[in-house]
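These are my notebook entries on a single model. I set out to look up the strands, the helix, the core and two arginine residues in turn.

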Amino acid sequence: MMITLNGEPRATEAATLADLLADCGFGAKVATALNGDFVPAALRTTTPIAEGDRIEVVAPMQGG
């Protein structure tokens with residue numbers, strides 16, 4: 001299926017948001033949104049993704 005990940009089209013076979021994060025190599029310390037709605041980390045394994053979904057993944061940055 002095709003989704004949009006951080007503004008870029010992407011093909012994926014992932015069934016859930018957690019599967020997608022693992023497939024894309026994201027670590028556990030990220031914030032996620034599905035179609036504009038925040039998804040808490042505890043719900044990622046039960047949050048299905050579907051064709052055309054818009055997913056945002058934001059990782060914290062360190063620096064000074």
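**Entry 1: strand S5.** I began with S5 in this predicted model. Its side chains alternate: Ile55 and Val57 point to one face and are buried, whereas Arg54, Glu56 and Val58 point to the other and are not. I then looked up the pairing of S5. With S3 it pairs in the antiparallel sense over 4 bridges, and within that pairing I noted Val57 of S5 as the bridge partner of Thr32. With S1, S5 pairs in the parallel sense over 2 bridges. Here I recorded Ile55 of S5 as the bridge partner of Leu5.

**Entry 2: Arg54.** I stayed on strand S5 to examine Arg54, which is found there. Is Arg54 buried, exposed or partly exposed? I found a relative accessible area of 47%, so Arg54 is classed as partly exposed, the range for that class running from 20% to 50%. Leaving aside neighbours within four places in sequence, I listed its contacts as Thr4, Ala33, Leu34, Asn35 and Gly36. I also checked one separation: the C-alpha atoms of Arg54 and Ala15 are 14 Å apart, with their positions 39 residues apart along the chain.

**Entry 3: strands S1 and S2.** I turned to S1 and found a covered face, formed by Ile3 and Leu5, and an uncovered one, formed by Met2 and Thr4. S1 pairs with strand S2 (residues 8–11) in the antiparallel sense over 4 bridges. I noted that Ala11 in S2 is the bridge partner of Met2. The hairpin of these two strands has 2 residues between them, and in it Asn6 takes a positive phi near 50°.

**Entry 4: helix H1.** Which residues of H1 are buried? I found Leu17, Leu20 and Leu21. They cover an arc of only 100° around the axis, which means that they lie on the same side of H1. I recalled the general rule that an α-helix has 3.6 residues a turn, so residues three or four places apart point the same way. On the face turned away from the buried side I noted the exposed residues Ala22 and Asp23. The buried residues of H1 pack against S1, strand S3 (31–34), S4 and S5. Just after H1, I recorded a positive phi of about 80° for Gly25.

**Entry 5: the core.** I next looked up the largest nonpolar core and found 12 residues, among them Ala14, Val30, Leu34, Val39 and Ile49. The elements that give two or more residues to this core are strand S1 (2–5), helix H1 (17–24) and strand S5 (54–58). H1 gives the most, with 3 residues. I followed one member further: neighbours within four places in sequence aside, Leu34 is in contact with Val39, Thr47, Pro48, Ile49, Asp53, Arg54 and Ile55.

**Entry 6: Arg44.** Lastly I located Arg44 in the loop between strand S4 (37–39) and S5. How far away is the nearest side chain of opposite charge? I found that side chain to be Asp19, 12 Å away; Arg44 is buried yet has no salt bridge. Not counting residues up to four places away in sequence, I listed the residues that Arg44 touches as Thr16, Leu17, Ala18, Leu21, Ala28, Val30, Ala31, Thr32 and Val39.

Note on methods: Residues numbered from 1 in each chain as written. Predicted model: local features only at pLDDT ≥ 70, side-chain atom pairs only at ≥ 80, totals over all residues. Heavy atoms only, no water. Core = buried A, V, L, I, M, F, W, Y, C linked by side-chain atoms within 4.5 Å. Buried < 20%, exposed > 50% of the residue type's maximum accessible area, 1.4 Å probe, protein only. Contact = heavy atoms within 4.5 Å. Lys, Arg positive; Asp, Glu negative; His and termini not counted. Salt bridge = Lys/Arg side-chain N within 4 Å of Asp/Glu carboxyl O. Pairing = 2+ DSSP bridges. Arc of directions from axis to C-beta.
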